[in-house]
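Thanks for coming. I have one structure to go through today, and I will take it piece by piece. Please have a look at it first.

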Amino acid sequence: MDLATSAVRRLINNSLFLSLKTHRGSEMEAENQDKPHAIMVPCPLQGHIIPFVHLAIKLASIGFTITFINTQKLHQLITKSSPPNTTQSDIFTEARKSGLDIRYTTISDGFPLSFDRFINSDQFMEGLMLVFPAHVDDLVGKLVHQTPQITCLIADTFFTWPSMISNKYNLVNVSFWTEPALVFTLYYHLDLLKINGHYACHDNREDVIDYIPGVESIQPKDLPSYLQAPDTCVALRMIHKAIFEGVKEADLVICNTVQELEPRTISALQEKQPFYPLGPIFLLSGFTKTAVFTSLWSQSDCTQWLQAKPPGSVLYVSFGSLAFMSREDVVEIAHGLLLSKVSFIWVFRPGILGCDDSEILPVGFEDEIKDRGLIVPWCCQISVISHPTVGGFLTHCGWNSILETIWFNVPMLCYPLFTDQITNRKLVVDDWKIGINLCDRKPIRRDEIAEKIKCLMIGKSANDLRKNMEKIKGKVEDAVSSVGSSEKNFKQFIVDLKVKISQVAR
């Protein structure tokens with residue numbers, strides 16, 4: 001072969017190599033462009049962040065790119081409370097190391113970092129509705145040119161602005177409801193409640209509510225607290241109205257519940273618009289006890305203390321991350337725990353009174369409980385309720401807590417404090433019969449608390465609760481199996497979402 005022929009062949013081979021490389025690069029670029037890219041914006045409260053994080057992981061695990069938007073304040077709190085020696089730059093650092101494309105950014109919620117969002121909760125919620133949207137709009141405007149192109153917005157249902165943002169930037173609008181379908185449909189039908197005198201009336205009616213589609217009946221006392229209060233401020237009423245007028249414009253609605261737990265309510269909602277029960281989201285995401293760290297407070301390790309106790313003997317007491325309690329109720333609960341003689345872990349969250357809560361417990365309380373009780377400022381709830389020595393949960397009935405407790409077969413003693421917790425109690429106690437009321441009236445009394453704790457932990461009533469819990473857990477296990485309703489609903493949601501994305505892209 002002469003030099004000229006050799007040179008030509010090398011030129012051809014090089015051209016073929018460059019052509020192949022360019023072709024592969026174009027394929028990769030096209031594939032990246034076709035990859036769904038979702039912006040996710042949770043309401044900046046711990047109970048909302050947790051399911052949003054699990055959904056982000058689930059979506060990223062099936063090939064989505066996720067841009068997760070947190071507020072600067074929550075990022076500060078989570079970073080401050082992270083375990084010692086952690087090297088995470090954000091909550092998804094480890095997820096990215098495992099190959100998930102989850103991007104993370106923070107924005108202002110409209111308030112200075114020093115502003116107390118818990119004490120001034122009404123003002124904070126109003127700011128989230130009226131000021132926060134401008135910060136989101138500004139950020140989304142900067143993100144829309146990212147690769148892959150942003151195709152959908154997954155925002156908390158509790159926001160008023162998702163339709164405006166999604167329409168402005170040509171995004172599919174997905175509304176994520178982090179509470180049960182029953183609470184969703186009550187807010188969804190505010191107009192019916194108002195027409196019938198059960199909401200926004202000077203003297204709300206007290207007769208049974210039996211006109212909400214998919215809800216056989218509900219007592220007015222079981223409505224979310226914001227719907228019960230005749231003195232709810234006008235601004236909050238306007239916000240609730242705007243939220244659920246806005247959600248009716250969403251392309252798709254996903255809900256952190258289980259089809260078999262709320263079948264009639266879900267079916268009625270699905271007649272209104274696309275509604276997908278995907279819960280429990282923490283199981284759908286391939287849940288592990290050491291998932292993404294999202295705690296707003298440093299966590300105490302209770303494992304060693306629990307290991308010294310007999311199986312099923314410990315009562316776990318926690319009233320969540322948000323609600324306040326009265327000094328009188330805390331004192332009565334303390335005395336009730338003493339009188340019950342039951343071993344317990346009590347999560348005594350900093351600021352639970354909304355003010356200085358030092359020296360609130362009865363004098364000598366901690367000495368008297370000795371090894372029988374453990375008081376901690378905060379802990380990893382999953383680690384505690386999954387421990388075999390825990391046999392009951394005195395709970396505020398937060399929805400995440402209920403779903404986690406069902407999964408770990410722990411009956412509940414219910415003491416809801418506000419908002420959806422009151423309606424969640426109805427599901428737990430009246431519908432599913434996996435818990436009992438702490439009390440049916442206020443104020444609560446120590447002797448009644450002690451008696452209810454005993455009913456929860458020992459005897460026939462405790463056994464009945466556990467049998468009912470096994471049935472309910474069985475429904476949840478079936479739902480999250482590979483052929484279960486939650487998995488099927490998730491797959492259908494993805495199919496429908498991609499169809500919507502392709503329609504919007506035209």
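Let me start at one residue, Asn409: this residue follows helix 18 and has a positive phi, near 60°. Keep in mind for everything I say that this is a predicted model.

Staying with helix 18, is it mostly covered or mostly open? Helix 18 spans residues 399-407 and is mostly covered, with nine of its nine residues buried. Among the buried residues are Trp399 and Trp407 at the two ends of that range, and Asn400, Ser401, Glu404 and Thr405 are on the list as well. Ile402, Leu403 and Ile406 complete it.

Now the sheets. Seven strands form an open sheet with parallel pairing, in the order 3-2-1-4-5-6-7. Which strands are at the edges? They are strand 3, residues 102-107, and strand 7, residues 275-277, and each pairs on one side only. On average, neighbouring strands in this sheet are turned by 20° against each other, direction ignored.

I want to spend some time on strand 5 of that sheet. Strand 5 is residues 172-177, and six of its six residues are buried, so the strand is largely enclosed by the rest of the structure. How are the buried residues divided between its faces? Val172, Val174 and Phe176 are on one side, and Asn173, Ser175 and Trp177 are on the other, so to speak two covered faces. As background, side chains in a regular strand alternate between the two faces of the sheet.

What does strand 5 pair with? On one hand there is strand 4, residues 152-156, which runs parallel to strand 5 and is joined to it by five bridges. Within that pairing, Leu153 has Asn173 as its bridge partner, and Ile154 has Val174. There is also strand 6, residues 252-255, again parallel, with four bridges to strand 5. Val174 turns up here too, with Leu252 as its bridge partner in strand 6.

The connection from strand 4 to strand 5 involves helix 7, residues 162-168, and the three elements make a right-handed β-α-β unit.

Next, the helices that lie on this sheet. Helix 3, residues 72-81, lies across strand 2 and strand 3, and runs at about 90° to strand 2. Helix 8 lies across strands 5, 6 and 7, at about 115° to strand 5.

Helix 8 also has a helix partner. The axes of helix 8, residues 181-188, and helix 19, residues 421-431, come within 9 Å and cross at roughly 130°. That angle makes helix 8 oblique to helix 19. The crossing is right-handed. Which residues meet there? From helix 8 they are Leu182, Val183 and Leu186, and from helix 19 they are Thr423, Asn424, Lys426 and Leu427.

There is another open sheet, of six strands, in the order 10-9-8-11-12-13, with parallel pairing. Its edge strands are strand 10, residues 373-376, and strand 13, residues 435-437, each pairing on one side only. Inside this sheet, strand 8, residues 314-318, runs parallel to strand 11, residues 390-395, and five bridges join them. One of the pairs is Val317 with Leu394.

Last, helix 20, residues 446-457, and helix 21, residues 460-479. They pack at about 55°, with axes 5 Å apart, and are therefore oblique to each other. Cys455, Leu456 and Met457 of helix 20 meet Ser461, Ala462, Leu465 and Arg466 of helix 21.

Notes
Residues are numbered from 1 along each chain as its sequence is written. This is a predicted model: local features need pLDDT of at least 70, side-chain atom pairs count only at pLDDT 80 or more; totals for chains, interfaces and linings use all residues. Side-chain values use heavy atoms; hydrogens and water are left out. Buried means under 20% relative accessible area, exposed over 50%, partly exposed in between (1.4 Å probe, protein chains only). Two strands pair if DSSP finds at least two bridges between them. A crossover is right-handed if, with the strands pointing away from the viewer, the path from the first strand over the helix to the second runs clockwise. Axes are lines fitted to C-alpha atoms, for helices over the stretch in contact, and angles run from 0 to 180 degrees between N-to-C directions. Angles under 35 degrees count as roughly parallel, over 145 as roughly antiparallel, 65 to 115 as roughly perpendicular and the rest as oblique. A crossing is left-handed if the near helix is turned anticlockwise from the far one by less than a right angle, and right-handed if clockwise. Contact means heavy atoms within 4.5 Å.
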